[in-house]
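Visitor: Hi, I'm new to this one. Could you walk me through it?
Guide: Sure, let's look at it together.

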Amino acid sequence: MPRYDFRCRACGATFELRRPMAQANDPAVCPQGHPDTVKLLSTVAVTGGAVQQAPSAGGGGGCCGGGCCG
Ligand SMILES: [Zn+2]
């Protein structure tokens with residue numbers, strides 16, 4: 001099951017959740033109980049699944065492509 005990283009905008013905590021891909025975009029609640037969270041981009045190793053991300057991302061004049069510009 002893929003793992004997703006979230007960050008709470010209320011307290012700034014980051015946390016991980018394991019959930020089915022079908023629920024990847026469902027809202028997550030901070031361990032402290034705050035509902036105002038955002039899903040972070042993270043490297044998720046999923047075997048056997050089709051990755052639909054463009055392989056050319058980050059090859060140009062961007063920053064790091066890993067979310068540091070966010
Ligand atoms: Zn929180």
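Guide: We'll go from the overall layout to the metal site, the charged pairs and one arginine.

Visitor: Okay, what am I looking at, and how many helices and strands are there?
Guide: This is a predicted model. The protein has 0 helices and 3 strands, and from the N terminus its elements run β-β-β.

Visitor: What share of the residues is buried?
Guide: Buried residues come to 14% of the 70 in the protein.

Visitor: And what about contacts between residues far apart in sequence?
Guide: Take the contacts between residues at least 6 apart in sequence: 34% of them join residues at least 24 apart.

Visitor: Let's switch to the metal. Which residues coordinate the zinc ion?
Guide: Cys-8, Cys-11 and Cys-30 each coordinate the zinc ion through SG, and His-34 does so through ND1. The distances are 2.0 to 2.4 Å.

Visitor: How are those donor residues spaced in sequence?
Guide: The pattern is C-x2-C-x18-C-x3-H. Cys-8 and Cys-30 link distant parts of the chain, 22 residues apart. Cys-8 sits in strand E1 (residues 3–8), while Cys-30 is in the loop between E2 and E3.

Visitor: Why is the arrangement around the zinc ion tetrahedral?
Guide: It's because of the angles: the 4 donor atoms subtend 106 to 120° around the zinc ion. To count as tetrahedral, four donors need all their angles between 85 and 135 degrees.

Visitor: Are Cys-8 and Cys-30 buried or exposed?
Guide: Cys-8 is buried, with a relative accessible area of 0%. Cys-30 also counts as buried, at 3% relative accessibility.

Visitor: New topic. How many salt bridges does the structure hold?
Guide: It holds 2 salt bridges. As background, side chains of opposite charge can pair when their charged atoms come close.

Visitor: Which residues does Arg-3 involve, then?
Guide: The side chain of Arg-3 meets that of Glu-16 in a salt bridge, at 3.6 Å from N to O. That pair joins distant parts of the chain, with Arg-3 in strand E1 and Glu-16 in strand E2, 13 residues apart. Arg-3 is partly exposed at 39% relative accessible area, and Glu-16 is partly exposed at 46%.

Visitor: What about Arg-9?
Guide: Arg-9 and Asp-36 meet through their side chains in a salt bridge, at 3.0 Å from N to O. These two are 27 residues apart: Arg-9 is in the loop between E1 and E2, and Asp-36 in the loop between E2 and E3. Arg-9 is exposed, with a relative accessible area of 54%, whereas Asp-36 counts as partly exposed at 34%.

Visitor: You promised one more arginine. Where is Arg-19?
Guide: Arg-19 lies in the loop between strand E2 (14–18) and strand E3 (37–40). Arg-19 is buried yet has no salt bridge.

Visitor: Which side chain of opposite charge is nearest to Arg-19?
Guide: That is Asp-26, 5.3 Å away. A salt bridge needs the nitrogen and the carboxyl oxygen within 4 Å.

Visitor: So what does the side chain of Arg-19 reach?
Guide: It reaches the backbone oxygen of Gln-23 at 2.8 Å. The backbone oxygen of Asp-26 is also 2.8 Å from a polar atom of the Arg-19 side chain.

Visitor: And which residues is Arg-19 in contact with, leaving aside its neighbours within four places in sequence?
Guide: Among them are Met-1, Pro-2, Tyr-4 and Phe-6, along with Pro-27 and Ala-28.

Definitions and conventions. Residues numbered from 1 in each chain as written. Predicted model: local features only at pLDDT ≥ 70, side-chain atom pairs only at ≥ 80, totals over all residues. Heavy atoms only, no water. Helix = DSSP H or I, 4+ residues; strand = E, 2+ residues; numbered from the N terminus. Buried < 20%, exposed > 50% of the residue type's maximum accessible area, 1.4 Å probe, protein only. Lys, Arg positive; Asp, Glu negative; His and termini not counted. Polar contact = N/O pair within 3.5 Å; in protein donor to acceptor, adjacent residues only side chain to side chain. Contact = heavy atoms within 4.5 Å. Donors = N, O, S within 2.8 Å, 3.2 Å for Na, K, Ca; no water. Tetrahedral: all angles 85-135°; square planar, octahedral: opposite > 155°, others 65-115°.
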